[in-house]
Amino acid sequence: MAALTLQYPVHTLDGKELLPEGASLTDGVLEEVSSRGKEATSPSFPAMEFGTVRRDLVALTRKGIYRTIFGSDAEYRGLLRLLEITRLPLPVLDSLSFYKRNESYTYRHILVVFALSSHLARKMLDGFEEIVQESAAGPLHDFGKICVPLDILSKRTHLRRSERAILEHHTLAGYVLLSYYLGDSGTQAAVIARDHHERRDGSGYPRGIPLASRFVEIVAACDIYDALISPRPYRKKSFDSRTALEVITEMAEEGRIGWEVVQALVSHHRKGRPPPAECTVSLEKRGTPPEGNLYGIILDDDPRA
Ligand SMILES: [Fe+2]
Ligand SMILES: [Fe+2]
């Protein structure tokens, strides 16, 4: 497969350029970035003890539909014990403080996807090591957004094609940044950052390849669900949970996402929490998407696009 090429530079939160625009992400380049990261050795720290992360995450996940999804107190305590294991490099955690101050949508989204993907991982994955790795990858999936200007992240109107391309750069930027900060381009977290917008039918980005990893798909499904039901700058109202599940079910019908992860999401909405494999998913569409949702609509008036 041809090496990916960066359309924009990748820089760290403190403005240091890791790779320039036009760099090819060959194995050699990624190895060099990883070994530079190893030399820099960023200390790690428990994510839940950083700043107000624990308080904010609990506040977000114990209200509204998430109160139902995250279940009983006993189930929730088990989830918190898993989240408490995750340690992340300090510069990565600093990005959370940055978002908390500057882009609250992204801040809350990262915390919720951290909790939700860990919650699903406990249902869908078998080995403890796999579950821990998946849990640690969730809060890193959008790390590359530190390379996207805030005015694009928080834009309330249509994106231009060129702005959309910069937004999509967060996948490869996250891959390069995590190769650097984790000192390894092969970690689950780096792969998930790169591939969480890929789809099974090859309709996603950045590569447009058929997604075949359940580890990536768990985060992708949580990412889509949370993006639909959360407040976002580009629409007045969010999707309700029923309509969000219908959107994701339709994606499975179209072959864009796997049924297994849809069943896992749906089972968390059901009383008694049926095992995902036994959870029947309704194909009926009764929900109403919110009016004026600008997501995915591109204002194609940029002559350079
Ligand atoms: Fe993303
Ligand atoms: Fe995301």
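The following paragraphs describe the metal sites, a helix packing and several local features of a predicted model.

Confidence in the prediction is summarised by a mean pLDDT of 91 over the chain, with 95% of the residues scoring at least 70. Among the elements of the chain, the highest mean pLDDT, 98, belongs to helix H2 (residues 53–61), whereas the lowest, 58, belongs to strand S6 (residues 298–299).

The model contains an iron ion (ligand 1) and an iron ion (ligand 2), which lie 3.7 Å apart and are both coordinated by Asp 142. The iron ion (ligand 1) is held at 2.2 to 2.3 Å by the OD donor of Asp 142 and by the NE2 atoms of His 170, His 196 and His 197. Along the chain these donors of ligand 1 follow the spacing D-x27-H-x25-H-H. The pair formed by His 170 and His 197 links distant parts of the chain, 27 residues apart, with His 170 placed in helix H9 (residues 161–181) and His 197 in the loop between helix H10 (188–195) and helix H11 (214–229). His 170 and His 197 are both buried. The angles among the four donor atoms of the iron ion (ligand 1) run from 87 to 178°, and the site is classed as irregular.

At the iron ion (ligand 2), the protein donors are NE2 of His 109, NE2 of His 141, OD of Asp 142 and OD of Asp 223, at distances of 2.1 to 2.3 Å. The arrangement around ligand 2 is irregular because its four donor atoms subtend angles of 81 to 179°. For comparison, the ideal angle at a metal with four tetrahedral donors is 109.5 degrees. In sequence, the donors of the iron ion (ligand 2) show the spacing H-x31-H-D-x80-D. Since His 109 belongs to helix H6 while Asp 142 sits in the loop between helix H7 (128–137) and helix H8 (150–153), this pair ties together parts that are 33 residues apart in sequence. His 109 and Asp 142 are both buried.

Helix H6 (residues 104–124) also takes part in a packing with H2, in which the axes come within 10 Å and cross at roughly 75°. The crossing therefore makes H2 roughly perpendicular to H6. On the side of H2 the contact is made by Val 53, Asp 56, Leu 57, Leu 60 and Thr 61, and on the side of H6 by Tyr 107, Arg 108, Leu 111, Val 112, Phe 114 and Ala 115. Tyr 76, a residue of helix H4 (residues 73–83), touches Leu 57, Val 58, Thr 61, Arg 62 and Phe 70 when residues up to four places away in sequence are not counted. With a relative accessible area of 6%, Tyr 76 is buried. The C-alpha atom of Tyr 76 is separated by 25 Å from that of Tyr 99, which lies 23 residues apart from Tyr 76 along the chain.

The loop between H10 and H11, which holds His 197, also contains Gly 204 and Pro 206. Tyr 205 and Pro 206 are joined by a cis peptide bond, for which omega is about 10°. Gly 204 is classed as buried, because its relative accessible area is 16%. Residues up to four places away in sequence being left aside, Gly 204 touches His 197, Glu 198 and Arg 199. Between Gly 204 and Glu 250, which are 46 residues apart along the chain, the C-alpha separation is 16 Å.

A further backbone feature is found at Arg 273, which has a positive phi of about 45° although it is not a glycine. Arg 273 is located in the loop between helix H13 (259–267) and S6, and its relative accessibility of 18% means that Arg 273 counts as buried.

Towards the beginning of the numbering, Leu 19 forms part of strand S2 (residues 17–19) and counts as buried at 6% relative accessibility. The residues touched by Leu 19, apart from those up to four places away in sequence, are Leu 6, Pro 9, Val 10, Leu 25, Val 29, Val 33 and Val 176. Leu 19 and Leu 6 are 13 residues apart along the chain, and their C-alpha atoms are separated by 8.4 Å.

Definitions and conventions
Residues numbered from 1 in each chain as written. Chains lettered and ligands numbered in written order. Predicted model: local features only at pLDDT ≥ 70, side-chain atom pairs only at ≥ 80, totals over all residues. Heavy atoms only, no water. pLDDT = per-residue confidence, 0-100. Helix = DSSP H or I, 4+ residues; strand = E, 2+ residues; numbered from the N terminus. Donors = N, O, S within 2.8 Å, 3.2 Å for Na, K, Ca; no water. Tetrahedral: all angles 85-135°; square planar, octahedral: opposite > 155°, others 65-115°. Buried < 20%, exposed > 50% of the residue type's maximum accessible area, 1.4 Å probe, protein only. Axes fitted to C-alpha atoms, helices over the stretch in contact; angles between N-to-C directions. Parallel < 35°, antiparallel > 145°, perpendicular 65-115°, else oblique. Contact = heavy atoms within 4.5 Å.
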